[in-house]
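Q: Please take a close look at one part of this model, the charged side chains and how they pair or gather, and walk me through what you find there in one connected account.

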Amino acid sequence: EIISPHPDRVEARCPHFTLCGGCIWQHFSYEGQLRTKTAYVKEMIANVGFDENLVEDTFGMEDPWFYRNKMEFTFAIDGSMGLHEQGNFRRIIPLETCYLMHEEMKEAVLEVAKWVKKHEYPGYNKDSHEGIFRHVMGRRGFATGEILLAIFATEAPEKIAHLDELVQTIEENYPSVKGLLWMENREIADRAQAEAEHILLGRDFIYDELMGYRYRLWYDTFFQPNPTQAENLVKYALEFANVKETDTMIDLFCGVGTFSLPFAKAAKSLAGIEIVETSIESAKRNAEDNGINNTYFLAKDARRGIDDVLAEFGTPDVLLLDPPRSGAGGKVMRRIGRAQPERVVYVSCNPASFAVDIKQLAEFGYKLEKVQPVDQFPHTHHVELVALLTRIDE
């Protein structure tokens, strides 16, 4: 019950708001969202003893809508498709519209949903583990406009009647769809994963660009989900690192090379470390596709990977890390501290784990210089940041 509205309360744009768990801050003015995110980052670093005045105002978006380049949707038992209800993982809110993804991608995803409904195919029942259709994933290259659709189902495509009808509809009406995939998934775990992959149309990847570099994106490739703000993350990281052409560098948790490629262009050499082997293969291919030949990519966990790279190349001038939400962890941070790079640039999607991690570096003579929050996920509580730490003591 609203007794009196807060000054920052606004009318939510989406008809699914309050039910859908996708973006729960639509009733919060965008200016209010940015202020709150800045305050949260300040609170997290102040809690571990750093000066909150080092935190800049959160860098927001000019247009905080239609920003996601990848979304996954789930089928209900009756074959309708949508997003999970907020606080109720078992209930699916049927999708009519979505203001987070591009209109063309939404329409292509809805075409799959209409086809499933038309032929009365059953969705997957998480309790009885019966049914056919589980998920649809859409991803779109913002720079190229290319779309990849992946349908996750418990049966092989040859067992599904009328599949040619769907393929023809997509091919004729959605020329931007460069890949339509059928992914067999019979696992109990409710994840968009696959035991077998079938290409129904086109190819199994799309191209996108970031900072002028071209990347190949498969259905399971991790790539920053908001390309507009991802470019700003990279720009801040480059500015903070102040890389010189004589500098050597380590990119820890490098993924497919989102940060590696622009940094390698500025540095003498760069070594990327990432535990996911398919991401490392993609990073190597992306470097080759962009004519970058001063990189070395290693598929290993962070702590052991650092040891291998240090043994091979010595102490880097700059170390960049972009760990998962859980953070890098004490062992990795202490290993970085003992390595003594001149500058550490930390890109974080979780200010709480970031604050805990950098506390470890302070004990090795590092000073926090500045923190720049970046709003990657408008209308949600999430906030990313880029921070610079410099070595002041041997």
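A: In this predicted model, K300 counts as partly exposed, at 32% relative accessibility, and the side chain of K300 meets that of D308 in a salt bridge with an N to O distance of 2.4 Å. D308 is likewise partly exposed, with a relative accessible area of 31%.

A second salt bridge joins the side chains of R335 and D307, at 2.3 Å from N to O, and this pair links distant parts of the chain, since R335 lies in helix α8 and D307 in helix α7 (residues 302-313), 28 residues apart. The two partners differ in their surroundings: R335 counts as buried, because its relative accessibility of 18% falls under the 20% cut-off, whereas D307 is partly exposed, with a relative accessible area of 32%.

Helix α8, which spans residues 330-339, also contributes the largest share of a positive patch, namely three residues. That patch of positive charge on the surface is formed by R303, K331, R334 and R338, and R338 is one of the residues that lie in helix α8.

Elsewhere in the chain, the side chains of K70 and E72 meet in a salt bridge at 3.8 Å, N to O, with E72 partly exposed at a relative accessible area of 37%. E103, K106 and E107, in turn, are linked in a network of salt bridges. For the model as a whole, the count comes to 20 salt bridges.

Notes. Residues are numbered from 1 along each chain as its sequence is written. This is a predicted model: local features need pLDDT of at least 70, side-chain atom pairs count only at pLDDT 80 or more; totals for chains, interfaces and linings use all residues. Side-chain values use heavy atoms; hydrogens and water are left out. Patches are made of residues with over 30% relative accessible area and no salt bridge: like charges are joined within 9 Å, nonpolar side chains (Val, Leu, Ile, Met, Phe, Trp, Tyr) within 5 Å. Accessible areas come from the Shrake-Rupley method with a 1.4 Å probe; for residues, only the protein chains shown count as cover. A salt bridge is a side-chain nitrogen of Lys or Arg within 4 Å of a carboxyl oxygen of Asp or Glu. Lys and Arg count as positive and Asp and Glu as negative; His and the chain ends are not counted. The place of a charge is taken as NZ of Lys, CZ of Arg, CG of Asp or CD of Glu. Helices (H or I, at least four residues) and strands (E, at least two) are DSSP runs, numbered from the N terminus. Buried means under 20% relative accessible area, exposed over 50%, partly exposed in between (1.4 Å probe, protein chains only).
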